[in-house]
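Visitor: Please take me through the sheet of this model, the helices lying across it and the cores around it. Keep it brisk, and give the cut-offs.

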Amino acid sequence: MSGPARLAMWSGPRNISTALMRSWENRADALVVDEPLYAHYLTVTGIDHPGRDDIIATGEADWRAVVADLLGPVPSGVRVCYHKQMAHHLTPDVELDWLTGLTNVLLLREPHEVVSSYLRSRAEVTPDDIGLPQQVRLYDELSRRGSPPLVIDSWDFLAAPATYLRTLCDLVSVPFTESMLTWPAGKRETDGVWGRYWYDAVWRSTGFSVPTPPEVELPPEAAAVAAFCLPLYERLWEVRLVESERGPLR
């Protein structure tokens with residue numbers, strides 16, 4: 001595909017995915033798209049997320065129309081299109097052939113931490129809610145097609161954001177800029193209508209920071225979900241990109 005680079009970052013919820021979207025949006029030559037498959041996901045699953053009706057009303061519920069838009073023309077001057085994608089939005093009916101037109105990256109977070117954070121906004125959680133089964137599906141399918149996605153763990157990234165951002169920029173052949181490390185606090189027009197339920201921390205942020213590791217205590221049902229997802233996380237964690245200021249370690 002000719003035209004701008006198209007970088008799809010496939011994350012689970014309660015990760016640094018929105019901060020990364022801020023980082024790319026702070027480039028003058030970038031266009032960002034916030035969770036374009038969300039309306040489709042809610043329509044197909046029937047799940048009750050905060051703001052469900054508004055998300056469906058303002059979004060596109062036909063995944064094929066979403067894909068056509070993601071792969072379509074962009075404004076003049078755009079060198080990179082950054083797609084903030086939630087892996088769990090890839091419902092089983094979504095075909096994956098179109099992913100070959102993108103540069104795909106998986107963004108991980110340890111499942112006990114994800115489940116703990118997720119339960120602050122919803123009363124219940126399942127493995128499919130936090131995206132790890134879908135991330136494994138993505139990794140296996142793209143690997144089968146000969147293009148295994150880069151895998152990045154959020155804690156690794158936060159320890160050296162400039163290093164990892166340089167790697168991502170190299171991946172899509174655009175120069176790294178220092179403007180990717182900080183941004184003004186507040187809302188953006190590009191934020192989905194769900195931002196009022198999920199983006200409070202990002203709206204207060206002005207850059208990347210390394211948080212204090214959380215003390216996670218889960219009720220039995222939620223702990224079982226995290227335990228189920230842990231081997232999936234560990235499998236992807238083993239193939240993640242590990243970098244330091246000195247360059248790639250593996």
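Guide: Start with helix 6 (residues 132-144), which lies across strand 1, strand 4 and strand 5. Its direction is at about 145° to strand 4. Axes here are lines fitted to C-alpha atoms, for helices over the stretch in contact, and angles run from 0 to 180 degrees between N-to-C directions. Helices (H or I, at least four residues) and strands (E, at least two) are DSSP runs, numbered from the N terminus.

A word on the source. This is a predicted model, in which local features need pLDDT of at least 70, side-chain atom pairs count only at pLDDT 80 or more, and totals for chains, interfaces and linings use all residues. Residues are numbered from 1 along each chain as its sequence is written, and side-chain values use heavy atoms, with hydrogens and water left out.

Now the sheet. It is open, has five strands in the order 2-3-1-4-5, and its pairing is parallel. Two strands pair if DSSP finds at least two bridges between them. Strand 2 (30-34) and strand 5 (150-153) are the edges, each pairing on one side only. On average, neighbouring strands are turned by 20° against each other, direction ignored. Strand 1 (residues 5-11) and strand 3 (residues 80-86) run parallel and are joined by seven bridges. Ala-8 stands opposite His-83 in strand 3.

Helix 1 (residues 17-25) also lies across the sheet, over strand 1, strand 2, strand 3 and strand 4 (103-108). Helix 1 runs at about 170° to strand 3.

Next, the cores. A nonpolar core is a set of buried Ala, Val, Leu, Ile, Met, Phe, Trp, Tyr and Cys residues joined through side-chain atoms within 4.5 Å. Buried means under 20% relative accessible area (1.4 Å probe, protein chains only). The largest core has 41 residues; Trp-10, Leu-90, Trp-98, Leu-99 and Leu-236 have the most contacts inside it. Among the elements giving it two or more residues are strand 1, strand 4, helix 6 and helix 11 (220-238). Helix 11 gives the most, with six residues.

Look at Leu-236. Leaving aside neighbours within four places in sequence, Leu-236 is in contact (heavy atoms within 4.5 Å) with residues including Leu-106, Leu-132, Val-136, Tyr-139 and Val-151. A second, separate core of 30 residues includes Ala-5, Leu-168, Val-174 and Leu-241.

Last, helix 1 again. Helix 1 packs with helix 8 (residues 161-171) at an angle of about 65°, their axes 13 Å apart. Leu-20, Ser-23 and Trp-24 in helix 1 meet Leu-165, Leu-168 and Cys-169 in helix 8.

Technical notes
Buried means under 20% relative accessible area, exposed over 50%, partly exposed in between (1.4 Å probe, protein chains only).
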